[in-house]
Amino acid sequence: MNVLTRKSYAVTSVAVLALFGLSACSSDDTADDSASVNATTEAPAMTDDPTTDAMTDDATEDATDGAMMDPAANLVGPGCAAYAEAVPDGAGSVTGMSTDPVAVAASNNPLLTTLTAAVSGQLNPDVNLVDTLNGGDFTVFAPVDDAFAKIDPATIEGLKTDADTLTKILTYHVVPGQLTPDQIVGEHETVEGGMVNVTGSGDELMVNDANVICGGVVTANATVYLVDSVLMPTM
(Lines give C-alpha, C1' and ligand atoms only; values in the text may rest on other atoms or scores of the structure.)
Protein backbone atom coordinates (compact mmCIF):
# COMPACT_ATOMS: atom_id res chain seq x y z
CA MET A 1 0.00 0.00 0.00
CA ASN A 2 1.49 3.32 -1.01
CA VAL A 3 1.53 6.44 1.14
CA LEU A 4 -1.38 8.05 -0.68
CA THR A 5 -3.55 5.01 -0.18
CA ARG A 6 -2.71 4.83 3.53
CA LYS A 7 -3.64 8.52 3.98
CA SER A 8 -6.92 8.01 2.20
CA TYR A 9 -7.75 5.03 4.40
CA ALA A 10 -6.97 6.97 7.57
CA VAL A 11 -9.17 9.91 6.51
CA THR A 12 -12.02 7.56 5.69
CA SER A 13 -11.72 5.82 9.10
CA VAL A 14 -11.85 9.11 10.96
CA ALA A 15 -14.90 10.19 9.00
CA VAL A 16 -16.70 6.92 9.82
CA LEU A 17 -15.89 7.20 13.51
CA ALA A 18 -17.12 10.79 13.57
CA LEU A 19 -20.34 9.75 11.88
CA PHE A 20 -20.96 7.02 14.44
CA GLY A 21 -20.24 9.47 17.25
CA LEU A 22 -22.73 12.00 15.95
CA SER A 23 -25.39 9.29 15.55
CA ALA A 24 -24.89 8.15 19.14
CA CYS A 25 -25.22 11.70 20.48
CA SER A 26 -28.30 12.24 18.35
CA SER A 27 -29.90 9.06 19.73
CA ASP A 28 -29.17 10.06 23.34
CA ASP A 29 -30.62 13.52 22.79
CA THR A 30 -33.72 12.05 21.16
CA ALA A 31 -34.22 9.63 24.07
CA ASP A 32 -33.85 12.44 26.57
CA ASP A 33 -36.33 14.60 24.65
CA SER A 34 -38.80 11.71 24.43
CA ALA A 35 -38.55 11.05 28.17
CA SER A 36 -39.13 14.72 28.86
CA VAL A 37 -42.18 14.81 26.58
CA ASN A 38 -43.60 11.64 28.14
CA ALA A 39 -43.09 12.95 31.66
CA THR A 40 -44.84 16.17 30.75
CA THR A 41 -47.71 14.34 29.07
CA GLU A 42 -48.24 11.74 31.81
CA ALA A 43 -47.96 14.07 34.83
CA PRO A 44 -51.45 14.94 36.15
CA ALA A 45 -52.44 18.53 35.58
CA MET A 46 -53.15 20.72 38.61
CA THR A 47 -56.63 22.17 38.13
CA ASP A 48 -58.77 24.39 40.35
CA ASP A 49 -61.98 22.79 41.63
CA PRO A 50 -64.54 25.59 42.14
CA THR A 51 -66.73 23.34 44.34
CA THR A 52 -63.87 22.51 46.70
CA ASP A 53 -62.77 26.13 46.77
CA ALA A 54 -66.29 27.27 47.60
CA MET A 55 -66.59 24.72 50.41
CA THR A 56 -63.26 25.81 51.83
CA ASP A 57 -64.25 29.46 51.65
CA ASP A 58 -67.58 28.75 53.38
CA ALA A 59 -65.90 26.80 56.16
CA THR A 60 -63.39 29.59 56.68
CA GLU A 61 -66.15 32.19 56.73
CA ASP A 62 -68.20 30.17 59.26
CA ALA A 63 -65.18 29.72 61.51
CA THR A 64 -64.42 33.43 61.31
CA ASP A 65 -68.04 34.37 62.08
CA GLY A 66 -68.06 32.02 65.07
CA ALA A 67 -64.81 33.41 66.38
CA MET A 68 -66.07 36.99 65.97
CA MET A 69 -69.53 36.43 67.48
CA ASP A 70 -70.17 39.02 70.22
CA PRO A 71 -72.41 37.92 73.13
CA ALA A 72 -73.41 41.57 73.59
CA ALA A 73 -74.47 42.05 69.98
CA ASN A 74 -78.24 41.59 70.53
CA LEU A 75 -78.73 43.13 73.96
CA VAL A 76 -81.80 45.28 74.54
CA GLY A 77 -82.92 47.33 77.52
CA PRO A 78 -82.11 50.62 79.21
CA GLY A 79 -79.99 48.95 81.91
CA CYS A 80 -77.48 47.11 79.72
CA ALA A 81 -74.87 49.85 79.99
CA ALA A 82 -75.20 49.94 83.78
CA TYR A 83 -74.95 46.15 83.92
CA ALA A 84 -71.79 46.21 81.81
CA GLU A 85 -70.35 48.89 84.08
CA ALA A 86 -71.24 47.00 87.26
CA VAL A 87 -69.96 43.67 85.92
CA PRO A 88 -67.46 44.52 83.16
CA ASP A 89 -65.70 41.16 83.10
CA GLY A 90 -65.46 37.79 84.79
CA ALA A 91 -67.92 34.91 84.98
CA GLY A 92 -70.90 37.16 85.78
CA SER A 93 -70.37 39.53 82.86
CA VAL A 94 -72.24 39.28 79.57
CA THR A 95 -69.28 37.52 77.98
CA GLY A 96 -68.67 35.30 81.00
CA MET A 97 -72.30 34.15 81.23
CA SER A 98 -72.27 33.08 77.59
CA THR A 99 -69.99 30.12 78.32
CA ASP A 100 -71.97 28.53 81.21
CA PRO A 101 -75.38 26.83 81.48
CA VAL A 102 -78.00 29.22 82.78
CA ALA A 103 -78.15 28.26 86.48
CA VAL A 104 -74.38 28.39 86.72
CA ALA A 105 -74.26 31.67 84.81
CA ALA A 106 -76.89 33.22 87.12
CA SER A 107 -74.97 32.08 90.20
CA ASN A 108 -71.97 34.07 88.97
CA ASN A 109 -73.99 37.24 88.38
CA PRO A 110 -73.94 39.58 91.42
CA LEU A 111 -77.31 41.03 90.36
CA LEU A 112 -79.05 37.66 90.71
CA THR A 113 -78.10 36.37 94.16
CA THR A 114 -81.68 36.03 95.48
CA LEU A 115 -82.87 34.23 92.34
CA THR A 116 -79.88 31.91 92.56
CA ALA A 117 -80.74 31.08 96.18
CA ALA A 118 -84.36 30.40 95.20
CA VAL A 119 -83.61 27.97 92.35
CA SER A 120 -80.74 26.11 94.04
CA GLY A 121 -82.33 24.92 97.28
CA GLN A 122 -80.80 27.62 99.47
CA LEU A 123 -84.11 29.41 100.08
CA ASN A 124 -86.15 26.21 100.36
CA PRO A 125 -84.27 22.88 100.51
CA ASP A 126 -87.20 21.15 98.79
CA VAL A 127 -86.89 23.31 95.66
CA ASN A 128 -83.80 22.76 93.53
CA LEU A 129 -84.22 23.50 89.82
CA VAL A 130 -80.56 23.69 88.86
CA ASP A 131 -80.42 20.44 86.88
CA THR A 132 -83.72 21.22 85.16
CA LEU A 133 -82.61 24.70 84.10
CA ASN A 134 -79.22 23.49 82.94
CA GLY A 135 -80.68 20.54 81.04
CA GLY A 136 -82.70 22.18 78.25
CA ASP A 137 -83.11 25.22 76.03
CA PHE A 138 -84.98 28.03 77.78
CA THR A 139 -85.84 31.68 77.88
CA VAL A 140 -85.53 32.92 81.46
CA PHE A 141 -87.03 36.09 82.88
CA ALA A 142 -84.64 36.72 85.76
CA PRO A 143 -85.72 39.11 88.55
CA VAL A 144 -82.74 41.03 89.90
CA ASP A 145 -82.17 41.36 93.65
CA ASP A 146 -84.00 44.69 93.75
CA ALA A 147 -87.07 42.95 92.31
CA PHE A 148 -87.20 40.48 95.19
CA ALA A 149 -86.71 43.38 97.61
CA LYS A 150 -90.14 44.69 96.52
CA ILE A 151 -91.83 41.58 97.93
CA ASP A 152 -93.10 41.66 101.50
CA PRO A 153 -90.52 39.94 103.74
CA ALA A 154 -93.28 37.83 105.27
CA THR A 155 -94.05 36.38 101.83
CA ILE A 156 -90.39 35.49 101.28
CA GLU A 157 -90.33 33.87 104.72
CA GLY A 158 -93.39 31.78 103.82
CA LEU A 159 -91.73 30.53 100.62
CA LYS A 160 -89.00 28.94 102.71
CA THR A 161 -91.47 26.22 103.71
CA ASP A 162 -93.98 26.35 100.82
CA ALA A 163 -92.25 24.37 98.10
CA ASP A 164 -95.28 24.21 95.80
CA THR A 165 -95.80 27.97 95.67
CA LEU A 166 -92.10 28.69 95.25
CA THR A 167 -91.84 26.16 92.41
CA LYS A 168 -94.91 27.67 90.75
CA ILE A 169 -93.46 31.18 90.91
CA LEU A 170 -90.02 30.17 89.67
CA THR A 171 -91.23 28.04 86.74
CA TYR A 172 -93.55 30.88 85.69
CA HIS A 173 -90.36 32.78 84.82
CA VAL A 174 -89.20 30.11 82.35
CA VAL A 175 -90.34 29.60 78.74
CA PRO A 176 -89.24 26.57 76.70
CA GLY A 177 -86.92 27.44 73.80
CA GLN A 178 -84.53 30.33 73.34
CA LEU A 179 -86.26 33.51 72.23
CA THR A 180 -84.08 36.31 70.90
CA PRO A 181 -85.11 39.97 71.31
CA ASP A 182 -86.64 40.00 67.83
CA GLN A 183 -88.79 36.96 68.75
CA ILE A 184 -89.76 37.79 72.32
CA VAL A 185 -92.78 40.08 71.83
CA GLY A 186 -96.09 38.24 72.22
CA GLU A 187 -97.69 35.66 74.50
CA HIS A 188 -95.66 32.65 75.61
CA GLU A 189 -96.59 29.59 77.62
CA THR A 190 -94.32 29.06 80.59
CA VAL A 191 -93.00 25.86 82.16
CA GLU A 192 -95.49 26.52 84.99
CA GLY A 193 -98.31 26.36 82.45
CA GLY A 194 -99.50 29.96 82.60
CA MET A 195 -98.95 32.63 79.97
CA VAL A 196 -96.67 35.66 80.02
CA ASN A 197 -97.18 38.60 77.71
CA VAL A 198 -94.21 40.51 76.37
CA THR A 199 -94.98 43.95 74.94
CA GLY A 200 -93.08 46.97 73.65
CA SER A 201 -90.02 47.09 71.45
CA GLY A 202 -86.32 47.89 71.51
CA ASP A 203 -85.24 49.17 74.91
CA GLU A 204 -88.83 49.43 76.17
CA LEU A 205 -89.85 45.80 76.59
CA MET A 206 -92.18 44.65 79.36
CA VAL A 207 -93.03 41.17 80.63
CA ASN A 208 -96.53 41.47 82.10
CA ASP A 209 -95.98 44.47 84.41
CA ALA A 210 -92.22 44.06 84.78
CA ASN A 211 -89.72 46.11 82.83
CA VAL A 212 -86.87 44.42 81.00
CA ILE A 213 -83.68 45.92 82.39
CA CYS A 214 -81.37 44.11 80.01
CA GLY A 215 -82.44 41.29 77.71
CA GLY A 216 -80.91 38.97 75.18
CA VAL A 217 -78.13 37.89 77.53
CA VAL A 218 -77.03 34.51 76.18
CA THR A 219 -75.81 31.55 78.19
CA ALA A 220 -74.73 28.12 76.97
CA ASN A 221 -78.35 26.92 76.89
CA ALA A 222 -80.65 29.88 77.50
CA THR A 223 -81.49 33.48 76.68
CA VAL A 224 -81.94 35.65 79.77
CA TYR A 225 -83.96 38.82 80.31
CA LEU A 226 -83.20 40.66 83.54
CA VAL A 227 -86.45 42.14 84.88
CA ASP A 228 -87.21 44.64 87.66
CA SER A 229 -90.13 42.78 89.25
CA VAL A 230 -90.98 39.21 90.24
CA LEU A 231 -93.65 37.76 87.93
CA MET A 232 -96.63 36.29 89.77
CA PRO A 233 -98.70 33.48 88.21
CA THR A 234 -102.36 32.96 88.91
CA MET A 235 -102.63 31.17 92.25
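**Hairpins and cavities in a predicted model**

Modeller: Strands β6 (residues 210–218) and β7 (residues 222–227) pair in the antiparallel sense over five bridges. Do keep in mind that this is a predicted model, in which local features need pLDDT of at least 70, side-chain atom pairs count only at pLDDT 80 or more, and totals for chains, interfaces and linings use all residues. Residues are numbered from 1 along each chain as its sequence is written, and side-chain values use heavy atoms, with hydrogens and water left out.

Colleague: Why are β6 and β7 said to pair?

Modeller: Two strands pair if DSSP finds at least two bridges between them; β6 and β7 have five bridges, so they pair. One of the partnerships sets Gly215 against Tyr225 in β7. Strands here are DSSP runs of E with at least two residues, helices are runs of H or I with at least four, and both are numbered from the N terminus. Three residues link β6 to β7 in a hairpin.

Colleague: And what makes β5 and β6 a pair?

Modeller: Two bridges join β5 (residues 206–207) to β6, and the strands run antiparallel. The requirement is at least two, so this pair qualifies. Met206 has Asn211 as its bridge partner in β6. This hairpin has two residues between its strands, and Asn208 in the turn has a positive phi of about 55°.

Colleague: On to the interior: why is a space called a cavity?

Modeller: Because, on a 1 Å grid over the protein atoms alone, it is a set of points where a 1.4 Å probe fits but cannot get out. The search of the whole structure finds two cavities of 30 Å³ or more. About 180 Å³ lies in the largest one, where volume means the space filled by probe spheres set on the points, with grid points joined across faces, edges and corners.

Colleague: What makes a residue part of the lining?

Modeller: An atom within 4 Å of a point. For the largest cavity, 19 residues line it, and Leu115, Val119, Leu133, Val140 and Val174 are the closest to its centre. β1 (138–143) gives the largest share, four residues.

Colleague: Which class dominates the second largest cavity's lining, nonpolar or charged?

Modeller: Nonpolar: the residues divide into eleven nonpolar, no polar and no charged. Ala, Val, Leu, Ile, Met, Phe, Trp, Tyr, Cys and Pro count as nonpolar, Asp, Glu, Lys and Arg as charged, and the others, Gly among them, as polar. The lining includes Phe148, Ile151 and Met232, around a volume of about 50 Å³. α10 gives the most, three residues.

Note on methods
1 Å grid on protein atoms, 1.4 Å probe; cavity = no way out; pocket = protein on both sides within 12 Å on 5 of 7 lines; lining within 4 Å.
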